[in-house]
Amino acid sequence: MAWVHAECRAIHDEKLEETLGRAVREWRGKTGMTQAQLAELSGLTQAAISRLEHGKCMPTFPLLERIAQAFGSALLVSMEPGRGVTVTFAGGGDVA
């Protein structure tokens with residue numbers, strides 16, 4: 001299986017929820033999935049996906065697990081002192 005990576009580093013002064021939301025939005029775009037499709041696959045509402053993508057809420061680990069499962073992708077979040085947060089989705093492209 002080929003792995004595809006999308007990395008999203010925290011922008012200076014960006015909150016963690018904004019970094020996570022941006023990563024979800026960018027990965028959803030790369031997979032060609034709509035917010036409505038992601039909502040259906042993850043068991044969330046389209047409004048909840050929109051709030052997540054715009055950094056308006058702090059997602060829980062169970063919610064992030066549902067998002068990763070809906071994408072059929074691994075979700076890796078790394079926090080390093082002085083380097084900020086890295087959010088990476090990796091998957092084989094078996095989504096939507």
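Here are two short exercises with worked solutions on the structure above.

This is a predicted model, in which local features need pLDDT of at least 70 and side-chain atom pairs count only at pLDDT 80 or more, while totals for chains, interfaces and linings use all residues. Residues are numbered from 1 along each chain as its sequence is written, and side-chain values use heavy atoms, with hydrogens and water left out.

**Exercise 1.** Work out which pattern the protein follows along the sequence.

Step 1. Start with the elements, which are DSSP runs numbered from the N terminus: helices (H or I, at least four residues) and strands (E, at least two). The protein has four helices and three strands.

Step 2. Put them in sequence order, and you get β-α-α-α-α-β-β.

**Exercise 2.** Find the aromatic pairs in the whole structure and classify them.

Step 1. Set the criteria: rings of Phe, Tyr and Trp (its six-membered ring) pair if their centres lie within 6.5 Å; planes under 30 degrees apart are stacked, over 60 edge-to-face, and the rest tilted. The search returns two pairs.

Step 2. Take Trp27 and Phe89: their ring centres are 5.7 Å apart and their planes at 10 degrees, so this pair is stacked. Trp27 sits in helix α1 (residues 16-31) and Phe89 in strand β3 (residues 84-91), so the pair ties together parts 62 residues apart in sequence.

Step 3. Now Phe71 and Phe89: at 5.3 Å centre to centre and 85 degrees between the planes, they are edge-to-face. Phe71 belongs to helix α4 (residues 61-71), so its pairing with Phe89 in strand β3 links parts 18 residues apart in sequence.

Step 4. Put it together: Trp27, Phe71 and Phe89 form one aromatic cluster.
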